[in-house]
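Good morning, and thank you for the invitation to speak. I shall present one protein structure today, moving from its strands to its pockets, its core and a few individual residues.

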Amino acid sequence: MYWATGSARVLAVEPSLLKLSPDGEDEELELVLPVITSGQGEKQDIEGDSQNGIQSRIVKGTGSGIVDMARNEQGSLWVTITRESIQLWVHRPIGVIAKVVRTPKSLLDHGANQRVVWKPDSSMLVVVTEQSFLHIYRITPQGQDGTSYQLTNSKSYALGPGEGVGYPDLTIKFKMTIKMDAGVSSLIGLDTDIVVATVNPPAVQLIPWVGKVDVKTCLIRHMNFLLDKSVMIVSISRFPKTTTQIWCMSDGKAYIVYYTPNAGAGSPNPGASHGESWYGFCFHGNPEGFDKQDAGVVAASNPEYSLLAIGTRGGDVRIFKSGEHAGQWVFSHKLALKESQGYGGGKPCSIVSLAWNSDGSALAVGQESRCPSIWSVYGRRLFPSGAHDISGLKNATEDPYLQGSRALFWSAGNMDLIVLGTDDSAFYTEGHRQDVSSTINPDTFVWNNVMVPAVYLSDNWPIRYSCLSPDGHYLAIAGRRGLAHYNLHSCRWRLFGNWQQEQSFRCQGGLAWFKNILIAGCETIEDPKFELRLYSRESNLDNMDIIFTEQFESRIAHISVWRSSLLVFTANNTLYCYSLGSSKRVDLQLVWKTSLQDIVESPTLLKSVSILTMEGPDGVDATHITLLVDGKIYFLRPEFLPDSNVRLSFRQITDKVEYYWITRSTHDVNDFSLWTFNGQTLK
């Protein structure tokens, strides 16, 4: 779950030394910068008095604001563009690390900057200009070893969360210019090519990042899967880490589209590809036409929950779900934007941007003239959280992003939302997230605020996992690297004494307590290995003091502990069940393992796993397993076969579930209750 904490911060592209012209119009700005001179060289560009070798240089500029922004696929870098410049940002510590300013001749010949797109591996980006030129830039390390500018703690300055990593030493270098005579309506970046949708004629071009060689072109009218061939593409997006694309067309329909590179290999014209190279299907839009307010204008995919979001011209967001058969997408639900924002019969406000966070649990929605909003997977409005009238809020505040937005995206760690407002300013909204696995004990009336050590947080922000022991005495956390744990009685943290050991691994799959033993799923960094580690609470956090290590073939995705049983689910779709021994002696023993391929289509779709053991009528403990897979709750029960293998019998309980919670009766140890939240109600 998400909620905003504090007010938004404005991210300024230009420094505060920027001087606005007296009439207040955006005609010409002067930037006064200090220049250290050596007493030699040209001086015609320098004005003012010289004192101690420092003079003032007057730099002329257009003063335009941000026109577009985009984050890289990892979320560690993002770029903003003004009409005449490009800025490369890092998130923590937030700031501009590189900037390119175009020459007046380039602006005159090619037009001002209009849109920017990343290459998936973050090594390049492409900028579209007003006169349909593509400017391709490389993002390269400045030094030989790509070292970063490191910040350190001092008496006058303490590093904040994530600031210990420092600034990467990167620079932006111009590579080439490509003229698009047919115009550009939309584009995305793939691993090897730039997919460009053209205007006249309506077509799709695949342009390699290395330059305009072996360009593949296909006219819209040659694509047989389109229901209407007299249209053009208005928006292209793609599924993360794939080449599968989503096209929103000028007639309002939306398509899932695939590309087969060799389909047009027999063409006599190597520069053109036939329509058979592209294939897909329409999932939004009536073949006989529909109301223009239902026209899809922007799309965003959520592979974590097999969902697609379509933003419409009329201000609706419609969510589609992947069906049981390949290539089938069916309508799931609609976000109630109009009802929640009090339209009152006013003019519809088009959706302009959509952004799922990296784990798919929240969707940010940007509109032309209304406040951005955040929604849960199945339709719960998380921000703005109150029932107030948004129009009243707009009139009571000077924050321009409440008047509408043009682009937005989530930062690394999903803790912050970056919004490009309608006044050309970027806003940085801090938030707080409650993890899926966290629970609230209704019997606890006093909240304890535990401060994470700054020395750990500066190097390892954001916190990715947290775990509280069943008795509530011990807390464990894991961030970008390493882990730490806390004793709520002594109020003391235990950290790694060796920084290199802490930075040598990351936690994967979560943390769990068993008595005084901390169980952590881990992945080593330099020599990738996947293992389960057991640490004693009383011992130092050190590689020499690990109680037990269990190796796995694949990355650990989830762990769960109940009494003396441990479940481990790995990324190769295998479920392991271990016995942890007794409270006097920890002895990790594999009880059984089995594949979940009949239940879990993709390991990323499994969001949570829980294990319960109950005493049966014959005195033998029975194991029950609960899975949250793709929004569905499954109950599993293992059955041992004569050949010592395990077979899982399962049944689906409910669907469209965001979170679940299992409670135990205080009167009967075998009496449990399952609580689920579907985005609207708690059941």
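**A walk through the predicted model**

Let us begin with one pair of residues: Ser301 stands opposite Leu308 in β26. Please keep in mind throughout that this is a predicted model.

The strands concerned are β25 and β26, the latter covering residues 307–312, and they pair in the antiparallel sense over six bridges. They belong to an open sheet of four strands, in the order β25-β26-β27-β28, with antiparallel pairing. Which strands stand at the edges of this sheet? They are β25, residues 296–302, and β28, residues 329–335; each has a single partner strand, so one side of each is left without a neighbour in the sheet. On average, and ignoring direction, neighbouring strands of this sheet are turned by 25 degrees against each other.

Strand β28 leads us to the second largest pocket, since β28 gives the most to its lining, with three residues. The volume of this pocket is about 860 Å³. Its lining has 33 residues, and the closest to the centre are Ser306, Ser322, Gly323, Glu601 and Asp630. Among the elements that give two or more residues to the lining are β27, from the sheet just described, as well as β50 and β51. How many of the lining residues are nonpolar, polar and charged? The lining divides into 13 nonpolar, 13 polar and seven charged residues.

I turn next to a hairpin. Strand β29, residues 351–356, and strand β30, residues 362–367, pair in the antiparallel sense over five bridges. Within this pair, Ala355 stands opposite Ala364. Five residues lie between the two strands of the hairpin, and Gly360 in the turn has a positive phi of about 75 degrees. Is β29 mostly covered or mostly uncovered? Strand β29 is mostly covered, as five of its six residues are buried.

Now to the interior. In soluble globular proteins, nonpolar side chains tend to be buried together. Here, the largest nonpolar core has 24 residues, and those with the most contacts inside it are Leu596 and Leu627. Several strands each supply at least two residues of this core, including β44, β49, β50 and β51. Strand β48 gives the most, with five residues.

Some features of the backbone also deserve attention. Two cis peptide bonds may be pointed out. One joins Arg92 and Pro93, with omega about -10 degrees, and Pro93 lies in the loop between β9 and β10. Another joins Trp461 and Pro462, with omega about 0 degrees; Pro462 is found in the loop between α4 and β36.

Finally, consider two residues other than glycine that have a positive phi. For Asn414, in the loop between β33 and β34, phi is near 60 degrees. For Lys515, in the loop between β40 and β41, phi is near 55 degrees. Which of the words buried and exposed applies to Asn414, and which to Lys515? With buried meaning under 20% relative accessible area and exposed over 50%, Asn414 at 5% counts as buried, whereas Lys515 at 52% is exposed.

That concludes the presentation, and I would be glad to take questions.

How values were computed
Residues numbered from 1 in each chain as written. Predicted model: local features only at pLDDT ≥ 70, side-chain atom pairs only at ≥ 80, totals over all residues. Heavy atoms only, no water. Pairing = 2+ DSSP bridges. Axes fitted to C-alpha atoms, helices over the stretch in contact; angles between N-to-C directions. 1 Å grid on protein atoms, 1.4 Å probe; cavity = no way out; pocket = protein on both sides within 12 Å on 5 of 7 lines; lining within 4 Å. Points joined across faces, edges and corners; volume = space filled by probe spheres on them. Nonpolar A, V, L, I, M, F, W, Y, C, P; charged D, E, K, R; others polar. Buried < 20%, exposed > 50% of the residue type's maximum accessible area, 1.4 Å probe, protein only. Core = buried A, V, L, I, M, F, W, Y, C linked by side-chain atoms within 4.5 Å.
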